[in-house]
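Reader: I should like to learn how descriptive terms are justified from a structure. May I put some questions about the one shown here?

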Amino acid sequence: MKKIKRILTALMMLCLSVQLVACQNNSGQKSEEIRNRQGRANDEIVVSMGARIPHEFDPKDRYGMYNEAHITHSTLLRRTADLEIIGDFAKEYKISDDGLIWTFDLHDDFKFSNGEPVTAADVKFSYEMLKEDGKHWDLDFIEKIEVPDKNKVVFTLKEPRSTFAMSQLVEVPIVPKAHYNENYKSNPIGSGPYKVVEYKPGEQAIFEVNPYWHGKKPYFKKWTWVLLDENTALAALESGEVDIIYATPELADKKIGGCKLFDIESNDVRGLSMPYVKKGLIKDSPDGYPVGNDVTSDPIIRKALNIGMNRQKVVDTVLNGHGKPAYSVIDGTSFWNSEAVIEDNKPDEAKKILDENGWIVGKDGIREKNGTKAEFELYYPTQDQIRTNVAIEAANQAKELGINIKLVGSNWDEMITKSHEVALLYAGGRHNPNQFFESHHPSAAGKGWTNITFYNNPKVTEYLEKAMKSSDLEEANKYWKLAQWDGSVGASVKGDLANVWLARMNHTYIGDGRINVGKQGLHSHGHDWALIANIAEWTWEEK
């Protein structure tokens, strides 16, 4: 039996390299002004991380995929701020030499918020329920789950899965078998440090300490998430009705008495998805939506954009400097291949590549090749200001290269139906390589929001499968990097990537200067839950 701590080193070979930033004002100074908090006690706090609660406490709706489930639920394993994988409900576990059998010994003192014990049967139910649902969680690699006794669970896999520990095992919330149903999100029952005592969609969610919580009692006995748009939240922060808010980059530098900026690095990226195949080549997409684009499918167009775009300008103009240039969905991770990056902001080189490959500038300034204009539609969600601004900046820069990007304001319901035939202002970034795999493996094409571009490079697929099926984590890491660039091909800006990633945004928040948000690691995609995922560790520090 291996103790969990004994295998951390191996697991961390595929975890992100730690890139922590201080949770403080950019100047390092705290305001001395004391805010009026509308009479709230110091052990109560009000936050606003956006106008909706993503995933709404139900794992069938992806609750848990962004580390948020630990607020209200237990998982078998969990990820620390330093991105180590340690035990949660699992006390210890062992993995067979062939990587197929995972045996977990479980704690016997975990209880749900209704006082009932958490058992191995609940673990089995949670995973089997999500596997059967199959909508958002890829658990088909699990052959069977057995419960030898109430404190032991055994997973048998169909084949080794190198990302199992850093993905599903730290993300899948354990729900009570006896109480999970179609109305679960309205009354979630979990075994995390907090329980949901009220949830009114569109208004607020109220959390209180779980009286049966087995761990250290959180400092804040009650916290409330009020559902406000960014501008309304800013006004509420100024009036003292809210204590900490998510602030878009354009609002992040606003000075509010008694408050400070929490500016935290992430691998949350924004850029263009570019359909990889020509129109009409694929007629039977699994989701039934049209596939293909005659312009974006040309690797020369994609290469020219990746070389010619000025990513730092996107960061400076759209993110107000709160971020970094982006080149993939796994930038800065231990499985990222830095050798796959090219130097950008070379418009003259981009133009030369286009000229040499027959894309000639026409009288209207738009390039053309064999009667096809170098233009395509870029859909973006109008309710997302950052994506809107990135789309506008991308179109402006592309115009200088002779490529016409036609902007189309839309919504996600329409965008999913167009996602294989037009470019989307897309996003990504996770704490594991799963999204990289799903974005580039042909088996995921046309299935939800995974490989929407229908990317399909046989050599990359070979590397992806070797990485995913490896029982040796060092070997898996080698193949993740080869899938990005092996010296000749790869799913990267140096290869034939079906994306033009532009900016990696910091997550920015403004809050009362007395709030200590604990140790924040590198955030993944999704600012909503990212900061408050460890709210059980937050404290209030009087000046």
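Reader: How far apart are the mean positions of the positive and negative charges of the chain?

Author: The model is a predicted one. In it, the mean position of the 67 positive charges and that of the 79 negative charges lie 2 Å apart.

Reader: How do you know whether the radius of gyration of the chain agrees with that of a compact globule?

Author: The expected value for a compact globule of 543 residues is near 24 Å. The chain has 24 Å, and therefore the two agree. Along the principal axes, its C-alpha atoms fill a box of roughly 70 × 60 × 40 Å.

Reader: What else describes the chain as a whole, such as its secondary structure and its buried residues?

Author: The chain has 13 helices and 22 strands. Of its 543 residues, 57% are buried. Its accessible surface comes to about 21,700 Å², and carbon and sulfur atoms account for 45% of that. Among contacts between residues at least 6 apart in sequence, 73% join residues at least 24 apart.

Reader: How do you know whether the span of helix α2 agrees with its number of residues?

Author: Helix α2 covers residues 120-133, which is 14 residues, and at 1.5 Å a residue it should span 20 Å. Its end C-alpha atoms are 20 Å apart, so the span agrees with the expectation.

Reader: Which residues of α2 are buried, and what do they pack against?

Author: The buried residues of α2 are A120, D122, V123, S126, Y127, M129 and L130. They pack against the strands β5 (101-106), β6 (142-149) and β7 (152-157), and against helix α3 (168-171). After α2 comes G134, with a positive phi near 65 degrees.

Reader: Is L139, in the loop between α2 and β6, called buried or exposed?

Author: Buried means under 20% relative accessible area. L139 has 1%, and therefore it counts as buried. Leaving aside neighbours within four places in sequence, L139 is in contact with Y127, L130, K131 and Q168. Y184 is 45 residues from L139 along the chain, and their C-alpha atoms are separated by 21 Å.

Reader: Why is K152 called partly exposed?

Author: The term applies to values between the cut-offs of 20% and 50%. The relative accessible area of K152 is 21%, so this residue is partly exposed. K152 is found in strand β7. Not counting residues up to four places away in sequence, K152 touches T103, F104, D105, L106, A120, E146 and V147. L106 is 46 residues from K152 along the chain, yet their C-alpha atoms are separated by 5.7 Å.

Reader: What is notable about phi in R62 and N67?

Author: Most residues other than glycine have a negative phi. R62, which is not a glycine, has a positive phi of about 80 degrees. N67 is likewise a residue other than glycine, with a positive phi near 75 degrees. R62 lies in the loop between β1 (44-48) and β2 (77-79), and N67 is found in the loop between β1 and β2.

Reader: Are R62 and N67 buried or partly exposed?

Author: R62 has a relative accessible area of 31%, so R62 is partly exposed. N67 has 18%, and therefore N67 counts as buried.

Reader: What makes H420 a buried residue?

Author: Its relative accessible area is 1%, so H420 is buried. H420 is found in the loop between α9 (412-418) and β19 (423-428). Apart from residues up to four places away in sequence, H420 touches ten-odd partners listed by name, including P275, D287, Y289 and F454.

Reader: Why is W225 counted as buried?

Author: W225 has 0% relative accessibility, and therefore it counts as buried. The place of W225 is in strand β10 (residues 222-226). G50 is 175 residues from W225 in sequence, and 8.7 Å from it in space, C-alpha to C-alpha.

Reader: How do you know which term fits A536?

Author: At 28% relative accessibility, A536 lies between the cut-offs and so counts as partly exposed. A536 lies in the loop between α13 (527-530) and β22 (539-540). Not counting residues up to four places away in sequence, A536 touches P193, Y194, P218 and Y219. F220 is 316 residues from A536 along the chain, while their C-alpha atoms are separated by 7.3 Å.

Definitions and conventions: Residues are numbered from 1 along each chain as its sequence is written. This is a predicted model: local features need pLDDT of at least 70, side-chain atom pairs count only at pLDDT 80 or more; totals for chains, interfaces and linings use all residues. Side-chain values use heavy atoms; hydrogens and water are left out. Helices (H or I, at least four residues) and strands (E, at least two) are DSSP runs, numbered from the N terminus. The expected span of a helix is 1.5 Å times one less than its number of residues. Buried means under 20% relative accessible area, exposed over 50%, partly exposed in between (1.4 Å probe, protein chains only). Contact means heavy atoms within 4.5 Å. The radius of gyration is taken over C-alpha atoms; the globule rule is 2.2 Å times the number of residues to the power 0.38. Accessible areas come from the Shrake-Rupley method with a 1.4 Å probe; for residues, only the protein chains shown count as cover. Lys and Arg count as positive and Asp and Glu as negative; His and the chain ends are not counted. The place of a charge is taken as NZ of Lys, CZ of Arg, CG of Asp or CD of Glu.
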